[in-house]
Amino acid sequence: EKRIIIAIDGPAASGKSTTARKVADRLGYTYIDTGAMYRSVTLKAIESGLMDTLRSSPERVVDLLAGLSVCFSGDRIMLDGRDVTLAIRENRVSREVSFISSLKPVRDTMRQMQQDMGRGRGVVMDGRDIGTVVFPDAELKVFLTADVRQRAMRRYAELAVKSGDPSELPCLEDLEREILDRDRADAEREHAPLKKHPDARELDTSSLTIDVQTDMVCSMAEDIL
Ligand code: C5P
């Protein structure tokens, strides 16, 4: 049986990771969350106290990349041997991740790691530049979108489940603004900006359930397999 690469790209909170994980489960493929990799590098920059330095001297990011280890262990992500699955979702990381991801040495390092991970194919990889840059030869490319209100509501629901104290939840307008700011930064950067590959199948998930999205991507895959 043929094993392919499925590239799922799209803006923030468009349902990429939930869909990608379910598609991978169904096909018996490996799921790779490349956003989690960029978040891990960002966490490392923050914890090393390097953010101010990097803003004035971005070339110093190579210090951070030397000896960096980012890998997946089941559904956990490990940074230099430590489980950072929860830490990378914190707001302080979300706020800085677009800046760190815009740096060329970071992208070169991540792209290399991701290409290695996909070498044997049989992977579903989600991100911003998987179909355009990391695996332009992916057999199936999907571009997921959803209107921003819908994306903010999904993010809100996720936070509400995790948060112990509802009074600490951000308001919908703030979430919407954060999502749009991140999309703009990701789409306007010089290296590997967020954009739809001309061959990617665009799927607007605004009014779709996760199960329907998963079915649609799986049937696209089955047409190829
Ligand atoms: O997918 P997620 O929202 O967790 O990604 C966090 C950030 O990582 C994105 O906003 C983007 O700046 C960066 N990213 C990227 N390229 C990818 C995946 C994520 O630049 N392939």
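**Exercise 1. Identify the contacts of Lys16 in this predicted model, leaving aside neighbours within four places in sequence, and classify the residue as buried or exposed.**

Solution.
Step 1. With the residues up to four places away set aside, Lys16 is in contact with Ile8, Gly10, Asp126 and Leu144.
Step 2. Place these in the secondary structure. Lys16 itself lies in helix α1, residues 16–27. Strand β1 spans residues 5–9 and strand β6 spans 123–127, while β7 spans 140–145.
Step 3. Count neighbours. A residue is buried if 20 or more other C-beta atoms lie within 10 Å of its own. Lys16 has 27 such neighbours inside 10 Å, so it counts as buried.
Step 4. Consult the record. An unreviewed UniProt entry carries the annotation "binding site" over Gly10, Pro11, Ala12, Ala13, Ser14, Gly15, Lys16, Ser17 and Thr18.

**Exercise 2. Classify Thr18 and Lys22 by burial, and find what Lys22 touches.**

Solution.
Step 1. Thr18 has its place in helix α1, and Lys22 lies in helix α1.
Step 2. Thr18 counts as partly exposed because it has 16 C-beta neighbours inside 10 Å.
Step 3. Lys22 has 19 other C-beta atoms within 10 Å and is therefore partly exposed.
Step 4. Not counting residues up to four places away in sequence, Lys22 touches Ile210 and Thr214.
Step 5. For a distance across the model, take Arg60: it is 38 residues from Lys22 along the chain, and the two C-alpha atoms are separated by 38 Å.

**Exercise 3. Work out the strand order of the five-stranded sheet and the placing of α1 on it.**

Solution.
Step 1. The five strands are ordered β2-β6-β1-β7-β8 in an open sheet with parallel pairing.
Step 2. The edges are β2 (30–33) and β8, each of which pairs on one side only.
Step 3. Ignoring direction, neighbouring strands of this sheet are turned against each other by 20° on average.
Step 4. Look at one pair in detail. β1 and β6 run parallel and are joined by five bridges. Within this pair, Ala7 has Met125 as its bridge partner in β6.
Step 5. Add the helix. α1 lies across β1, β2, β6 and β7, and its direction makes about 180° with that of β6.

**Exercise 4. Describe the sheet of three strands, its two hairpins and the helix packed on it.**

Solution.
Step 1. The order is β3-β4-β5, the sheet is open and the pairing is antiparallel. Its edge strands, β3 (70–73) and β5 (82–83), each pair on one side only.
Step 2. Helix α2 (residues 34–47) packs on this sheet, where it touches β3 and β4; the directions of α2 and β4 make an angle of about 35°.
Step 3. Take the pair of β3 with β4 (residues 76–79): four bridges hold the antiparallel register. Phe72 stands opposite Ile77, and Ser73 stands opposite Arg76.
Step 4. These two strands form a hairpin with two residues between them, and Gly74 in its turn has a positive phi of about 60°.
Step 5. β4 and β5 are antiparallel over two bridges, with Met78 opposite Asp83. Their hairpin also has two residues between the strands, and Asp80 takes a positive phi near 45°.
Step 6. Sort the residues of β4 by face. Ile77 and Leu79 are on the covered face, whereas Arg76 and Met78 are on the uncovered one.

**Exercise 5. Characterise the shell around the ligand: which residues come nearest, and which helix gives the most?**

Solution.
Step 1. The shell holds 14 residues, of which Gly35, Tyr38, Ser101, Gly127 and Arg128 come nearest.
Step 2. At least two shell residues come from each of α2, α5 (91–101) and α9 (172–188). The largest contribution is that of α2, with four residues.
Step 3. By type, the shell divides into four nonpolar, five polar and five charged residues.

**Exercise 6. Decide whether Asp199 is buried or exposed, and locate it in the chain.**

Solution.
Step 1. Asp199 sits in the loop between α9 and β8 (201–204).
Step 2. A residue with 12 or fewer other C-beta atoms within 10 Å is exposed. Asp199 has 12, so it is exposed.
Step 3. Glu139 is 60 residues from Asp199 in sequence, yet their C-alpha atoms are 10.0 Å apart in space.

Technical notes
Residues are numbered from 1 along each chain as its sequence is written. This is a predicted model: local features need pLDDT of at least 70, side-chain atom pairs count only at pLDDT 80 or more; totals for chains, interfaces and linings use all residues. Two strands pair if DSSP finds at least two bridges between them. Two residues are in contact if their C-beta atoms, placed from the backbone, lie within 7 Å. Axes are lines fitted to C-alpha atoms, for helices over the stretch in contact, and angles run from 0 to 180 degrees between N-to-C directions. A residue is near a molecule or strand if its C-beta atom, placed from the backbone, lies within 6 Å of it. Ala, Val, Leu, Ile, Met, Phe, Trp, Tyr, Cys and Pro count as nonpolar, Asp, Glu, Lys and Arg as charged, and the others, Gly among them, as polar. UniProt positions are given in the numbering used here, feature names are shortened, and annotations may be inferred rather than shown by experiment.
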